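Dear colleague,

Here is the structure we spoke about, with notes on its helix packing and domains to follow underneath. Please keep it open beside the text as you read.

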Amino acid sequence: MSAFPLHGLAQHYAWGGRRFIPGMLGLDNAEQQRFAEWWLGAHEDAPSVIETPLGPQPLHYAIAHQAPAFLGEALIRRHGRRLPFLLKVLDVDAPLSIQAHPDEAQARAGFARENAAGLAIDDARRNYRDPYPKPEMMVALSPFWLLHGMRPDAQIDALLARQPAWTPLREGLAREGGAALYRRLLRLPQAEIAALLRPLWRRLETGDDAGPDDPDHWTRRLAGGRAEDRGIFGCYLLNLVGLRPAEAIFQPARLPHAYLHGRNIELMANSDNVLRAGLTDKRWTWRPCWR
């Protein structure tokens with residue numbers, strides 16, 4: 001068995017930090033770029049580079065041409081001639097979108113549907129960039145905060161009760177449950193979303209910050225550019241989870257979640273399929289593949 005040096009690729013998204021990943025890579029980052037993610041794997045969108053006896057090669061290219069040498073026959077029999085996992089390091093300086101990832105059947109069907117519609121792989125209208133599912137797990141490298149799955153209805157009701165103007169939402173919660181309420185919020189016209197959020201911002205202007213264990217803390221961090229974003233409701237409908245360094249969490253396919261702040265290592269299926277449902281300027285859908 002041989003070992004080959006492997007070089008990952010940084011992703012410069014707007015929510016990334018400026019120090020952690022450059023420090024990990026030994027870069028001074030004099031231009032103060034945002035380093036959001038560092039990918040180590042063979043995804044076609046951002047493959048690592050492997051140093052082989054034939055010279056440097058993109059990892060997915062090397063695997064495609066020498067799969068038995070780089071993957072082994074046992075892995076090929078189970079997953080085909082493709083590296084099945086992708087490792088990332090993240091530095092989350094600002095909240096990410098509320099999102100979920102498809103399971104295998106949804107990914108395969110969605111990718112085929114968008115191909116049949118003639119959408120290029122890099123078309124901004126795409127939801128499915130490949131035909132693969134994307135379950136993922138993460139280990140915190142720092143205190144890490146995220147939204148993770150639907151809260152119990154009783155907890156949602158208690159949080160909605162903070163806003164007298166949200167009484168109709170509480171009534172909807174009692175009738176149909178939290179998941180159905182969230183889907184309805186995703187379908188509401190933007191003018192109705194803005195009207196529901198205005199009294200929330202008025203309350204938060206006068207109240208004290210109770211700290212990161214309280215969803216109001218994270219909502220305040222979204223003020224300004226996200227003041228009319230329907231993803232704000234996710235802070236009150238999804239579980240707020242705080243992890244200590246070395247603690248881990250698993251996100252199966254179809255689970256709504258959003259990273260809020262911190263640094264982590266992710267290990268996931270080798271896919272870049274993301275269905276977004278708010279807190280984003282990218283394409284989002286009111287038909288997320290949620291559990």
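**Helix packing**

Asp153, Ile156, Asp157 and Leu160 of helix 6 are in contact with Leu169, Arg170 and Leu173 of helix 7, contact meaning heavy atoms within 4.5 Å. These residues comprise four nonpolar, no polar and three charged (Ala, Val, Leu, Ile, Met, Phe, Trp, Tyr, Cys and Pro count as nonpolar, Asp, Glu, Lys and Arg as charged, and the others, Gly among them, as polar).

The model is predicted, with local features requiring pLDDT of at least 70 and side-chain atom pairs pLDDT 80 or more, while totals for chains, interfaces and linings use all residues. Residues are numbered from 1 along each chain as its sequence is written, and side-chain values use heavy atoms, leaving out hydrogens and water.

Helices (DSSP runs of H or I, at least four residues, numbered from the N terminus) 6 and 7 span residues 153-160 and 167-176, and their axes come within 9 Å and cross at roughly 170 degrees. Axes are lines fitted to C-alpha atoms over the stretch in contact, with angles from 0 to 180 degrees between N-to-C directions. The two helices are therefore roughly antiparallel (over 145 degrees).

For helix 7 and helix 8 (residues 178-187), the axes come within 7 Å and cross at roughly 130 degrees, which makes helix 7 oblique to helix 8 (neither under 35, nor 65 to 115, nor over 145 degrees). Their contact has six nonpolar, two polar and three charged residues, including Leu169 and Leu173 of helix 7 and Leu181 and Arg184 of helix 8.

**Domains**

An automatic or database assignment gives domain 1 (6-105 + 131-144 + 247-276) and domain 2 (146-243), whose C-alpha centres lie 30 Å apart. Between them about 1400 Å² is buried, 72% of it from carbon and sulfur atoms (accessible area, 1.4 Å probe, that two parts lose on being put together, summed over both). In domain 1, Ile98, Phe144 and Leu260 lose the most area to domain 2, together 38% of what that side buries.

Best wishes
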